[in-house]
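Trainee: Could you take me through one part of this model up close? I'd like to hear about the salt bridges and the helices that carry them.

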Amino acid sequence: MTRTVIESKTKTVVIGFDEPFCVIGERINPTGRKKLAAELEMGDFSTVEKDALEQVICGATVLDINSGAVFSNKMAEDPRYADNNFVEPPLMAELIARVQAITDVPLCIDSSVPAALEAGLAAAEGRPLLNSVTGEEERLERVLPLVKKYNVPVVAISNDDTGISEDPDVRFEVAKKIVQRAADFGIPAHDIVVDPLVMPVGAMATAGRQVFTLVQRLRTELGVNTTCGASNISFGLPGRHGINAAFLPMAIGAGMTSAIMNPVRAQEMEAIRAANLLMDHDANGMEWIKLAKVLEAMKDGASFAEASAAAAASGGRGRRRARG
């Protein structure tokens with residue numbers, strides 16, 4: 001069976017058809033987070049460190065590190081800061097160093113800038129996941145040599161020089177092309193994790209069914225693991241967490257093996273833990289039982305992160321008392 005191995009200095013995570021669903025924490029990403037971008041511009045990494053620890057305690061087994069920050073004030077003083085090729089490589093290296101100093105989970109290095117990807121690869125301990133390559137010719141020629149050089153797995157996003165197709169058959173063919181081109185570099189299919197691209201269901205009613213069908217084809221025809229930006233499915237709709245919590249187990253049932261998502265949301269993590277249990281990917285139901293104790297503690301007013309931390313500190317025993 002296909003196994004994609006990701007490693008830190010001390011831990012190994014396997015993404016696979018017979019493995020528990022891999023939760024890749026998405027929070028360390030300044031894109032669209034003005035407060036975080038402003039902090040990073042000031043050299044303040046406190047939110048990054050807080051987000052790293054919270055995501056791990058809530059169940060992330062891999063942390064995505066995205067360096068796509070916009071430094072508006074510095075840009076006004078120095079035009080070089082308008083260029084992501086200037087901003088992202090040193091920022092990526094610093095983000096990775098900060099996160100590795102406080103947690104030992106494997107990392108996912110996430111950037112649209114090849115130089116930032118390489119800076120991340122040089123800074124990361126172990127065998128990180130690289131995010132990402134697309135079917136665009138220039139991107140293939142820039143990123144696949146890095147994947148081969150550092151012997152790391154890579155996320156392959158199903159768009160190419162023509163853009164993102166609404167036709168799932170076209171997206172499948174793009175994924176197939178990437179797998180074939182990777183093979184030309186000596187990169188095996190088990191090191192390709194395909195993102196079939198989740199469209200918002202609010203804009204395309206068939207978006208959910210498209211993903212489920214694509215995931216099944218990617219698994220059976222190409223033998224690759226899969227991932228997605230899980231929250232894309234609910235973009236623009238009310239009650240997003242409920243939609244996400246329904247989508248994730250359905251995607252898991254279709255064969256999806258990982259997702260880049262926010263693990264600090266109890267509703268989504270409860271759905272994933274239940275799916276793992278029902279797919280027989282939770283030995284003796286131990287993870288479900290641990291989660292049930294966390295959810296019980298939340299009834300006393302604790303947040304999901306607080307209840308998860310308390311359960312970890314007590315070895316999962318007992319119930320958190322109400323504060324105040």
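Mentor: Let's fix one term before we start: a residue is buried when its relative accessible area is under 20%, exposed when over 50%, and partly exposed in between. Keep in mind that this is a predicted model. By that cut-off Arg-181, at 17% relative accessibility, counts as buried. Its salt-bridge partner is Glu-137, with the closest N and O atoms 3.1 Å apart. Glu-137 sits in helix α6 (residues 137-150) and Arg-181 in helix α7 (residues 168-184), so this pair ties together parts that are 44 residues apart in sequence. Glu-137 itself is partly exposed, at 32%. The two also belong to a salt-bridge network that links them with Glu-141 and Lys-177.

Now for a pair within one helix. Lys-50 and Glu-54 meet in a salt bridge of 3.2 Å, N to O. Both belong to helix α2 (residues 46-58), where they lie 4 residues apart, about one turn of the helix. Lys-50 is partly exposed at 47%, and Glu-54 is partly exposed at 22%. An α-helix has 3.6 residues a turn, so residues three or four places apart point the same way.

Helix α11 has such a pair too: Glu-287 and Lys-290 are 3 residues apart there, and their side chains form a salt bridge at 3.0 Å, N to O. Glu-287 is partly exposed at 35%, as is Lys-290 at 44%. By contrast, Leu-291, Val-294, Leu-295 and Ala-297 of α11 are buried. Seen down the axis, the buried residues of α11 fall within an arc of 155 degrees, so they line one face of the helix. They pack against α10 (266-278) and α12 (304-313).

Definitions and conventions
Residues are numbered from 1 along each chain as its sequence is written. This is a predicted model: local features need pLDDT of at least 70, side-chain atom pairs count only at pLDDT 80 or more; totals for chains, interfaces and linings use all residues. Side-chain values use heavy atoms; hydrogens and water are left out. Buried means under 20% relative accessible area, exposed over 50%, partly exposed in between (1.4 Å probe, protein chains only). Helices (H or I, at least four residues) and strands (E, at least two) are DSSP runs, numbered from the N terminus. The arc is that of the directions from the helix axis to the C-beta atoms. Contact means heavy atoms within 4.5 Å. A salt bridge is a side-chain nitrogen of Lys or Arg within 4 Å of a carboxyl oxygen of Asp or Glu.
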